[in-house]
Amino acid sequence: MRNVLFIMADQLRHDHMGCAGHPFLRTPNLDALAARGTRFTNAFVQSGICGPSRMSYYTGRYVSSHGATHNRVPLSVGEVTLGWHLRESGRALTLAGKTHVVPDRRGMARLHADGADELAVLLREGWFQLVDRHDGHHAEPNSAYANWLREKG
């Protein structure tokens, strides 16, 4: 079984990396990853707002279809996500960084899946297993990345 590392970057133009020929930006770590993987030069988003666009990537559906139309709008507990498909194939979808998945608390309560069991945890996180989440919108004292940023001032 092969592992896949997928990096989704907000606000990074396709030509703003050294490996894409930018005249003065130096991005050695991204360049090294690009040399070993696949770099898309023609990619389009489903929304100019990052949260709904991410939900489109996770579900493979248009924003108008999955309903998470703005940041902090929950993705319905009934949506099938990339995490679910990976789990069905025996893989796990883990997350380090930013996601903007907001739990569908009403849907989870309706299904009596609002506890602390494994299913409830996965539903709250869009079927991601969290490694280190940092959305950057609020204090996150348990985030290793947030702690590192604090150490750097």
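Does Y58 count as buried or exposed, and at what relative accessibility? In this predicted model, Y58 has a relative accessibility of 10% and therefore counts as buried, the limit for that class being under 20%. The surroundings of this residue are described below, after the overall layout of the chain.

The chain comprises seven helices and two strands, and its elements follow one another from the N terminus in the order α-α-α-α-β-α-α-β-α. Along the principal axes, the C-alpha atoms occupy a box of roughly 55 × 35 × 35 Å. Of the 153 residues, 29% count as buried, and the accessible surface amounts to about 10700 Å², with 54% of this area belonging to carbon and sulfur atoms. When contacts between residues at least 6 apart in sequence are considered, 47% of them join residues at least 24 apart.

Y58 belongs to helix α2, which spans residues 50–59. Eight of the ten residues of α2 are buried, and this helix is therefore largely enclosed by the rest of the structure. The buried residues in question are G51, P52, S53, R54, M55, S56, Y58 and T59, and the elements that cover them include α3 (63–66) and α4. Just beyond the end of α2, G60 adopts a positive phi of about 75°.

Two aromatic pairs are present in the structure. In one of them, the ring centres of Y58 and F128 lie 5.0 Å apart and the ring planes meet at 80°, so the arrangement is edge-to-face. This pair links distant parts of the chain, since Y58 is located in α2 whereas F128 is located in the loop between α6 (118–124) and β2 (129–133), with the two positions 70 residues apart in sequence numbering. F128, with a relative accessibility of 6%, also counts as buried because its value falls under the 20% limit.

In the other pair, the rings of W84 and W127 have centres 4.9 Å apart and planes at 70°, and the pair is therefore likewise edge-to-face. W84 lies in helix α4 (residues 82–88) and W127 in the loop between α6 and β2, so that this pair ties together parts of the chain that are 43 residues apart in sequence. The two tryptophans fall into separate accessibility classes: W84 is partly exposed, with a relative accessible area of 31%, whereas W127, at 11% relative accessibility, counts as buried.

A charged residue is found in helix α6, namely R124. The side chain of R124 is buried yet forms no salt bridge, and the nearest side chain of opposite charge, that of E125, is 5.8 Å away, which lies beyond the 4 Å limit for a salt bridge and therefore does not qualify. Leaving aside residues up to four places away in sequence, R124 touches V101, P103, R105, M108, D114, G115 and A116.

At the surface, L5, I7, L12, L30 and L33 make up a nonpolar patch of about 430 Å². Among these residues, L30 lies in helix α1, which covers residues 28–36. L30 is partly exposed, with a relative accessible area of 31%, and it therefore passes the requirement of over 30% that applies to patch residues.

Conventions. Residues are numbered from 1 along each chain as its sequence is written. Side-chain values use heavy atoms; hydrogens and water are left out. Patches are made of residues with over 30% relative accessible area and no salt bridge: like charges are joined within 9 Å, nonpolar side chains (Val, Leu, Ile, Met, Phe, Trp, Tyr) within 5 Å. Accessible areas come from the Shrake-Rupley method with a 1.4 Å probe; for residues, only the protein chains shown count as cover. Helices (H or I, at least four residues) and strands (E, at least two) are DSSP runs, numbered from the N terminus. Buried means under 20% relative accessible area, exposed over 50%, partly exposed in between (1.4 Å probe, protein chains only). Rings of Phe, Tyr and Trp (its six-membered ring) pair if their centres lie within 6.5 Å; planes under 30 degrees apart count as stacked, over 60 as edge-to-face and the rest as tilted. Contact means heavy atoms within 4.5 Å. Lys and Arg count as positive and Asp and Glu as negative; His and the chain ends are not counted.
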